[in-house]
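Please open the model in your viewer and keep the sequence panel beside it. The stops below say what to select next and what is to be found there.

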Amino acid sequence: MRRTLKATVAAAAAAVCVLTTTAGIAQAEAPKPTSLYAPSALVFTVGHGENTATATVERAVTLTCAPRPAGSHPAAAAACAELAAVDGRFAELVGAESSVVCTKEWRPVVVTADGVWGGRHVQWSATFPNACMMQAGLGEGVALTF
């Protein structure tokens with residue numbers, strides 16, 4: 001009986017040792033986030049006013065590009081592609097030259113982008129003298145025309 005008890009204790013100890021070693025190997029560490037923010041989640045606004053503090057927002061849309069284009073932006077997929085092409089540098093979406101002729105009236109329009117792009121917080125705005133100049137400055141782009 002002693003021999004059987006010793007053999008049983010030895011077998012149990014070996015089993016615990018194997019289970020402990022196996023359990024440690026089988027468990028994978030959870031991936032750690034590279035940023036506190038989601039990959040992309042943006043809010044775009046357009047409103048009349050001289051700057052973001054005084055502008056009255058007239059339109060606003062949301063845009064999420066990862067894992068797939070979504071949101072209330074009317075051309076989400078095209079807007080995400082456009083932003084990816086400039087790596088989220090919104091100023092590059094505004095053209096300096098245009099063949100559009102606009103009046104010189106001063107009725108400022110503010111366009112803003114706020115949220116997260118590429119895992120980093122972004123906050124951008126541009127003020128145009130009037131709606132015609134805004135449309136001319138944004139040209140054929142889709143991300144900021146909604």
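Bear in mind throughout that this is a predicted model. Begin by selecting residues 40-48 and 56-63, which are strand 1 and strand 2; these two strands pair in the antiparallel sense over 7 bridges. Within that pairing, Phe44 can be picked out, since Phe44 stands opposite Val61 of strand 2.

Next, keep strand 1 selected and add residues 109-117, which make up strand 3. Strand 1 pairs with strand 3 as well, again in the antiparallel sense, and here over 9 bridges. If you label Val46, you will find that its bridge partner in strand 3 is Val111. Colouring strand 1 by accessibility shows that it is mostly covered, with 7 of its 9 residues buried.

Now bring in residues 120-128, strand 4, and look at the whole sheet. Its 4 strands form an open, antiparallel sheet in the order 2-1-3-4. Strand 2 and strand 4 are the edge strands, each of them pairing on one side only. On average, and with direction ignored, neighbouring strands of this sheet are turned by 15° against each other. Two helices can then be added to this view. Helix 2 packs on the sheet by touching strand 1, strand 2 and strand 3, and its direction makes about 85° with that of strand 2. Helix 3 also packs on the sheet, where it touches strand 1, strand 2, strand 3 and strand 4, and its direction makes about 125° with that of strand 4.

Stay with helix 2, residues 76-85, and display the side chains of Ala76, Ala79, Cys80 and Leu83, which are buried. Looking down the axis of helix 2, you will see the buried residues fall within an arc of 100°, so they line one face of the helix. The elements that cover these residues include strand 1, strand 2 and strand 3. Following helix 2 comes Asp87, whose phi is positive, near 55°.

The cysteines are the next selection. The structure holds 2 disulfides, and, with bonded cysteines counted along the chain, their pattern is 1-2, 3-4.

Select Cys65 and Cys80, which form a disulfide with their sulfur atoms 2.0 Å apart. This pair links distant parts of the chain, for Cys65 is in the loop between strand 2 and helix 2 while Cys80 is in helix 2, 15 residues apart. The link of Cys65 and Cys80 is left-handed, with -90° about the S-S bond, and both Cys65 and Cys80 are buried.

Then move to Cys102 and Cys132, which a disulfide joins at an S to S distance of 2.0 Å. Because Cys102 lies in the loop between helix 2 and strand 3 and Cys132 lies in helix 3, the pair ties together parts that are 30 residues apart in sequence. This link of Cys102 and Cys132 is left-handed too, with -75° about the S-S bond. Are its two ends buried or exposed? Cys102 is buried, with a relative accessible area of 12%, whereas Cys132, at 27% relative accessibility, counts as partly exposed.

For the last stop, select Asn130, in the loop between strand 4 and helix 3 (131-138). At 3% relative accessibility, Asn130 counts as buried. Its side chain reaches the backbone nitrogen of Cys132 at 3.1 Å. Beyond its neighbours within four places in sequence, Asn130 is in contact with Thr103, Lys104, Glu105, Arg107 and Val109.

Note on methods. Residues are numbered from 1 along each chain as its sequence is written. This is a predicted model: local features need pLDDT of at least 70, side-chain atom pairs count only at pLDDT 80 or more; totals for chains, interfaces and linings use all residues. Side-chain values use heavy atoms; hydrogens and water are left out. Buried means under 20% relative accessible area, exposed over 50%, partly exposed in between (1.4 Å probe, protein chains only). Two strands pair if DSSP finds at least two bridges between them. A polar contact is a pair of N or O atoms within 3.5 Å; within protein, one must be able to donate a hydrogen and the other to accept it, and residues adjacent in sequence count only if both atoms are side-chain atoms. Contact means heavy atoms within 4.5 Å. The arc is that of the directions from the helix axis to the C-beta atoms. Axes are lines fitted to C-alpha atoms, for helices over the stretch in contact, and angles run from 0 to 180 degrees between N-to-C directions. A disulfide is a pair of cysteine sulfur atoms within 2.5 Å.
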